[in-house]
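Grab your viewer and work through these exercises on one helix and on the empty space in a protein model. Try each task before you read its solution.

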Amino acid sequence: MTRDFAQVDVFTDTPYRGNPLAVVLDGDGLSTEDMRRFAHWTNLSETTFVLPPTTPEADYRVRIFTPTTELPFAGHPTLGTCHAWLEAGGKPAGGDTIVQECGAGLVDVRRTAGGLAFAAPPLLREGPVEDELVERLAETLRIDRTAIVDAQWADNGPGWVAVLLGSAQEVLEVRPGVVDLDIGVAGPYPEGSPQAFEVRAFFPLHGATAEDPVTGSLNASLARWLLRTGRATAPYTASQGTALGRAGRVHISTEADVIWVGGSSVTCVRGAVFL
């Protein structure tokens, strides 16, 4: 049967400069294997499937797949799916707040002046990284150990370990070797710059190193760390994807104890798929 489909570019207001996402807007009746096979075929970092919610608190349910596995939560799929759902006529019960059901539970998404924003989930693991691992991170990133200002576990699901360098330029100059864990790297821009940090995300893929263009989950966990340690003040904007020729912009803001992670999304492809 044919199902409504959209391909959305997330964390950008300029098509083809952010992080693409495939969204099947009617996933009802598809098996897990159907979803896994289609996600593998799209070969994007994530593909999502919109389903009816299983709880009255949620506006819709989403399942998130990489080409090889299912994720309980991810940032750019959350914003991109919500964008596509709203464009397709979705009507949230809560007005400006949309409630997404996913493997990690209920996630609030709200409309902001800078696009949609999701409430950052709690960290599953945080705290300092042991010295032995810091040495290995430096070796993997092919930088001197003294270039690492700090390193912390910043895992809100994918397993991120975060590395802080002294500047955005140092981040852009990183040329990693083969990574064996998910590594986020950040460095500050000079005071007064339009963006506060440059961010890069590296992860293992088929025995090699892959780089994600723009990463919502990493920016969410980085924000918790950087704000808590006084290295950042909200609101701020992070840049990501520069080294890949992209222009991702992630907006971080806070309200009470909630960190909001947001950005613009644009639809690049709209149509139907046979599934």
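**Exercise 1.** Sort the residues of helix α3 by burial: which are exposed, and which are buried?

*Solution.* Start with the exposed side: Asp131, Glu132 and Glu139 are exposed (over 50% relative accessible area, 1.4 Å probe, protein chains only). On the other side of α3, which runs over residues 131–141, Leu133, Val134, Leu137, Ala138, Thr140 and Leu141 are buried (under 20%). The buried residues span an arc of only 165 degrees around the axis, so they sit on the same side of α3; the arc is taken from the directions from the helix axis to the C-beta atoms. As background, an α-helix has 3.6 residues a turn, so residues three or four places apart point the same way.

Before going on, a word on the source: this is a predicted model, where local features need pLDDT of at least 70 and side-chain atom pairs count only at pLDDT 80 or more, while totals for chains, interfaces and linings use all residues. Residues are numbered from 1 along each chain as its sequence is written, and side-chain values use heavy atoms, leaving out hydrogens and water.

**Exercise 2.** Find what covers the buried residues of α3, then check the residue that follows the helix.

*Solution.* First, the cover includes strands β10, β11 (161–165), β12 (183–188) and β13 (197–205), by contact (heavy atoms within 4.5 Å). Helices (H or I, at least four residues) and strands (E, at least two) are DSSP runs, numbered from the N terminus. Next, step past the helix: Arg142 follows α3 and has a positive phi, near 60 degrees.

**Exercise 3.** Describe the largest cavity: what is its volume, and which residues line it?

*Solution.* On a 1 Å grid over the protein atoms alone, a cavity is a set of points where a 1.4 Å probe fits but cannot get out, and lining residues have an atom within 4 Å of a point. Points are joined across faces, edges and corners, and the volume is the space filled by probe spheres set on them. The largest cavity holds about 30 Å³. Its lining consists of Leu123, Glu126, Gln152, Trp153, Ala154, Ser221, Arg224, Trp225 and Arg228. Now assign elements: β10 (148–155) and α5 (216–228) each supply at least two lining residues, and α5 gives the largest share, four residues.

Conventions
1 Å grid on protein atoms, 1.4 Å probe; cavity = no way out; pocket = protein on both sides within 12 Å on 5 of 7 lines; lining within 4 Å.
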